[in-house]
Structures are given as structure tokens and as C-alpha cells.
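The following exercises concern a single protein structure and its sequence. Please inspect both before reading the worked solutions.

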Amino acid sequence: MISVAQKRELKQCLSRFFLEDEPLAPRTTFKTGGRASVFLEPETLTDLRLAVKILMEMKLGFLLLGGGSNLLVADAGIRDRAVISLTRSFRDYTIVGSDKNVVMVRVEGGVQLAEFVRLSVISGYSGLENLAGIPGTLGGALAMNAGAFGSTIYDRLAAISLIHNSLLEWRSATELNPGYRDGGLEGQDIVVAAYFLLPRQTPSIIAGKVAEIRNLRRQHLPSGAHAGSVFKNPAGDFAGRLLEEAGCKGMVFGGARVAVEHANVITAGSGSTTQDVVNLMEKMQDRVKVYCGVTLEPEIRVVS
Ligand SMILES: Cc1cc2nc3c(=O)[nH]c(=O)nc-3n(C[C@H](O)[C@H](O)[C@H](O)COP(=O)(O)OP(=O)(O)OC[C@H]3O[C@@H](n4cnc5c(N)ncnc54)[C@H](O)[C@@H]3O)c2cc1C
């Protein structure tokens, strides 16, 4: 628990971007969970580095919150560590180099992935089409190694700049080791910006492909409050297939329900708690384990 004295000190040092007891449910796609005891929205790189330095000196950890589209926040909220969000100020998209075939763009960690895709489409830069429709921020996408239809955010990545132990550092794409739905970032590393090499293409061709992908997604995902796939696909199989065959579609716990459109998605109804979702996840895991002996691993990150 962050003590009253620690909060007072943080408020004094970081007053310009310090919020107290900030509700997190509206900042996640599940719309469940409690408040952040300390919520920091740095406006500049200097602010961000200072915040990390002070938190480190006070021996307090922190959680990066992107678009909250892959997170389940504990009902008791986040009280032992600070929550940092880049979504207010780290939102630049810049062309940093180009030739007749390819451009290099620099995109900041708080940019919405959908905005990155949109700007690239209208500018005629391809390579991101399969990621259209994935919610959240660029920072979250890199942390999760977000992907769809055989592509991931790392496919066109050249480098990232990140805050590591309060210092600004670089990693080229070849130094990073992303795995399946895991960007392979070190514990408290913060993605500040990323550089992508995107081939030029006629905008209407890219737009056509994006429309096709969006359409496919619409057919398979339910509406309502959820965070996409709950479990990772086990090697050589699909979590959704196993969950469906194990009879999970329509299962309910409190206000949480397994979607009838897709057995690997849980929707949280109004009044649902995070604990409802977590309990339902455990029931689903148990069913699949009994059905075929496979232990499904959560893709969604439960944070407290
Ligand atoms: C409707 C829907 C569809 C989805 N479809 C897909 C899909 O097709 N493919 C897919 O891969 N995912 C999908 N997802 C899940 C989710 O959108 C992705 O994982 C997304 O990339 C998460 O980004 P975010 O900004 O919301 O991250 P958050 O949920 O906020 O955080 C996720 C993780 O990233 C970390 N993080 C966030 N920002 C940073 C940063 N700047 N630096 C370091 N770490 C950071 C957080 O600490 C956390 O560990 C879907 C979700 C929804 C709701």
C-alpha cells in the first residue's frame, strides 16, 4: 500500500501530472475494477523520467496503462504501485525518413494503434493492414506483441526508444525477443516511441485490405465490454475451438458471460466485477482441462 506520506511526497514532486484515487474502470475495455491510488499522466519525457526516478528512489513500482484493452484491474484497485499513462501527451506520428519505396515513421507510445493504421492508410504506407481493428495504444501493442491474421506489430518494427531505469535507451528490433503475445520487454521498461519501416503502396489498395480485415473481425467478435481473446492459443491449436468443444459458450459467473459468438471472449455486463471475470476464466480453464487435459494460459493480464 502506498502510504499517505509517500502520496504526499509524490504529489509535491509531481504535482502537474499527479492524480489521486483515479477510477480505472472507464480506462479499460472491460469497464471493471477499482481505482489507482496514484495515477500519473506525464506531459513530457522529462516528466516521465522524473516520475520513474522518484518512484525508484521511493522503492515503489508502477504499472503502465495503455488503452486498457488487455487488462483486468482488480476490484480493490491498484494501491501498492503507481499507474502511469502516456495516452494524453505521447501522441506524435512523424515521418523521419523516406525514399521512393519505403518510409520510416516514428510513432509515440500513447498513439492509438487504430490511429497509426488510419494515418498510414491515408498516407499510402502499407504493412499494418492486418492489425486494423485491434484496440489500444502502440505501447500496449508492443508490450503484448499484438497481432492478427498472421501479422504482428513487430513485423515492420525497426527500433524502439524506451525508458529503462529512468534513462532513455534504444533497442533495435534485432535486440528484442518478442514471443507469442509477449513483447519480451524487461519488467519496468516503458515504450516511449517506436520506429517502423513501411513500404509505399497506393492508398486505395491499402484501404481495401483494411476494410476486408475490419469486416472479418466484425463477424467474429461480440459487442459489449470485453478484452478480445481471454486465453492464448496452445501450440498447434486454437483456444476458441477447445473452449467451444468443452461447452463453454454461454457460461456465466455473476455479471460475466462467455460470448456465444466466440468461446474465447468474455463479456462483462453492467454490474460485473473483475472477480466475476476471473472466476469465469477459472471455470473455463477447468472445463478445458477436464475435456482434453490442456491448461489454457491467460492472454489477458490481471493487475493489482
Ligand atoms: C475488441 C478487442 C479486440 C482485440 N483483438 C486483438 C487481436 O486481434 N490481437 C491482439 O493481439 N490483441 C487483441 N486485443 C487485445 C488488446 O487490444 C491488445 O493486447 C492491445 O495491444 C493492448 O494494448 P493497450 O494499449 O490496450 O494495452 P493495455 O491493455 O493497457 O496493457 C497491456 C500491457 O501492455 C503494457 N503497456 C501498455 N503501454 C505500455 C508502454 N507504453 N510501455 C510498456 N508497456 C506498456 C501494460 O503494462 C500491460 O502489461 C483485442 C482487444 C479487444 C478489446
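## Exercise 1: The four-stranded sheet

Leu 40 stands opposite Ile 84, a residue of strand S5. The model is a predicted one.

Task: Determine which strands form the sheet that contains S5, and how they pair.

Solution.

Step 1. Strands of a sheet pair through backbone hydrogen bonds, either parallel or antiparallel.

Step 2. S2 and S5 run parallel and are joined by two bridges. S5 (residues 82-85) also pairs with S3 in the parallel sense, over four bridges. Within that second pairing, Leu 64 has Ile 84 as its bridge partner in S5.

Step 3. S1 and S2 are antiparallel, with five bridges between them. Here Pro 23 has Arg 35 of S2 as its bridge partner.

Step 4. The result is an open sheet of four strands in the order S1-S2-S5-S3, and its pairing is mixed. Its edge strands are S1 (18-23) and S3, each of which pairs on one side only. From one strand to the next, the twist averages 35°.

Step 5. Strand S2 (residues 35-40) is largely enclosed by the rest of the structure, because five of its six residues are buried.

## Exercise 2: The five-stranded sheet

Task: Give the strand order of the open sheet of five strands and identify its edge strands.

Solution.

Step 1. The order is S6-S7-S12-S10-S11, and the pairing is antiparallel.

Step 2. S6 and S11 are the edge strands, since each pairs on one side only. The twist averages 20° from one strand to the next.

Step 3. One pairing may be examined in detail. S10 (residues 157-164) and S11 run antiparallel and are joined by six bridges. Ile 163 stands opposite Leu 168 of S11.

Step 4. Helix H2 lies across S10, S11 and S12, and runs at about 50° to S10.

## Exercise 3: The buried side of a helix

Task: Establish which residues of helix H3 are buried, and where around the helix axis they lie.

Solution.

Step 1. An α-helix has 3.6 residues a turn, so residues three or four places apart point the same way.

Step 2. In H3 (residues 113-123), the buried residues are Leu 113, Phe 116, Val 117, Ser 120 and Val 121. They cover an arc of only 130° around the axis and therefore lie on the same side of H3.

Step 3. The elements that cover these buried residues include strands S6 (93-98), S7 (102-108) and S12 (190-199), as well as helices H4 (138-144) and H5 (203-220).

Step 4. Just after H3, Gly 124 takes a positive phi of about 85°.

## Exercise 4: Two helices in contact

Task: Describe how H3 and H5 are placed relative to each other, and which residues meet.

Solution.

Step 1. Two packed helices are described by the angle between their axes and the distance between the axes.

Step 2. The axes of H3 and H5 cross at roughly 145° and come within 7 Å.

Step 3. From H3, the residues Val 117, Val 121 and Ile 122 meet Pro 203, Ile 206, Ala 207 and Val 210 of H5. By class, the residues of this contact are seven nonpolar, no polar and no charged.

## Exercise 5: Two positive phi angles

Task: Lys 59 and Arg 181 each have a positive phi; decide for each whether the residue is buried or exposed.

Solution.

Step 1. Most residues other than glycine have a negative phi, and most peptide bonds are trans.

Step 2. Lys 59 has a positive phi of about 60° although it is not a glycine. Lys 59 lies in the loop between H2 (45-57) and S3. Because Lys 59 has 7 C-beta neighbours inside 10 Å, it counts as exposed.

Step 3. Arg 181 has a phi near 50°, again positive in a residue other than glycine. Arg 181 is in the loop between S11 (167-172) and S12. Because Arg 181 has 20 C-beta neighbours inside 10 Å, it counts as buried.

## Exercise 6: The surroundings of the ligand

Task: State how many residues surround the ligand and which elements supply them.

Solution.

Step 1. The ligand is surrounded by 32 residues, the closest being Gly 66, Gly 136, Gly 139, Gly 140 and Gly 228.

Step 2. S3 (62-65), H4, S8 (147-148) and S12 each supply at least two residues of this shell. H4 gives the most, with five residues.

Step 3. By class, the shell has 17 nonpolar, 14 polar and one charged residues.

Note on methods
Residues are numbered from 1 along each chain as its sequence is written. This is a predicted model: local features need pLDDT of at least 70, side-chain atom pairs count only at pLDDT 80 or more; totals for chains, interfaces and linings use all residues. A residue is buried if 20 or more other C-beta atoms lie within 10 Å of its own, exposed if 12 or fewer, and partly exposed in between; C-beta atoms are placed from the backbone. The arc is that of the directions from the helix axis to the C-beta atoms. Two residues are in contact if their C-beta atoms, placed from the backbone, lie within 7 Å. A residue is near a molecule or strand if its C-beta atom, placed from the backbone, lies within 6 Å of it. Ala, Val, Leu, Ile, Met, Phe, Trp, Tyr, Cys and Pro count as nonpolar, Asp, Glu, Lys and Arg as charged, and the others, Gly among them, as polar. Axes are lines fitted to C-alpha atoms, for helices over the stretch in contact, and angles run from 0 to 180 degrees between N-to-C directions. Two strands pair if DSSP finds at least two bridges between them.
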